[in-house]
Amino acid sequence: MKVEGFVASLRNAGTIGELFKILQEKGAPLMELEGQRFLIVVEGDFEGRKFWTEINGEKANRALGDAMLNSSSFPFKCKRPYTGGNVIFVNFDDIEVDRFLVAYRDPDHGIFYLVENGEAREITEKEYGELLSEMPEFKIKSISEEQMDMMGAFFG
């Protein structure tokens, strides 16, 4: 599947639940797109109701830190006005741990996954809560000092 096709499929969501279902049907949280594996992160809102991705119980943008700068991000809009967000593609090869939790959440529900040895399986919210304390620290390759220096030179 191409990245553009995946992002376009998110436009079919009319609710946060439908968005999570589309993610699930497409194979998130881990997907192969154009021959490369990615961790799929989404964040945004539906008419003011927020949704986000958690990694090991922490919002993904915090868990990923400056590695977010090394990831690809695409905005998407959904069927209803004032709905949409961003989908972020994190290169799976940059993840430095073999075991972590992923949750797609809104204030009331979520879909929860345990990722082990490159495979994701859906778990219950109760299992998610119980496993949080067992997870190793989530580590991801971030931008190197050299890349930061280059960006500094580029942005002046």
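**Strand β6 and its neighbours**

In this predicted model, strand β5, which spans residues 72-77, pairs with β6 in the antiparallel sense, and 6 bridges connect the two strands. Within this pairing, K77 has G84 of β6 as its bridge partner. The hairpin formed by β5 and β6 has 5 residues between the strands, and in this hairpin Y82 adopts a positive phi near 60°.

Strand β6 is also joined to strand β2, made up of residues 36-46, through 9 bridges, and these two strands likewise run antiparallel. In this second pairing, V42 is found opposite V87 of β6. As for accessibility, β6 covers residues 83-91, and 8 of its 9 residues are buried, that is, under 20% relative accessible area, so the strand is largely enclosed by the rest of the structure.

The setting of these strands can be described for the protein as a whole. The protein contains 5 helices and 9 strands, and when the elements are read along the sequence they follow the pattern α-α-β-β-β-β-α-β-β-β-β-β-α-α. Of its 156 residues, 44% count as buried, while the protein exposes about 8700 Å², of which carbon and sulfur atoms supply 47%. Among the contacts in the protein with a separation of 6 or more, 63% are accounted for by residues that lie 24 or more positions apart.

Conventions. Residues are numbered from 1 along each chain as its sequence is written. This is a predicted model: local features need pLDDT of at least 70, side-chain atom pairs count only at pLDDT 80 or more; totals for chains, interfaces and linings use all residues. Side-chain values use heavy atoms; hydrogens and water are left out. Buried means under 20% relative accessible area, exposed over 50%, partly exposed in between (1.4 Å probe, protein chains only). Helices (H or I, at least four residues) and strands (E, at least two) are DSSP runs, numbered from the N terminus. Two strands pair if DSSP finds at least two bridges between them. Contact means heavy atoms within 4.5 Å. Accessible areas come from the Shrake-Rupley method with a 1.4 Å probe; for residues, only the protein chains shown count as cover.
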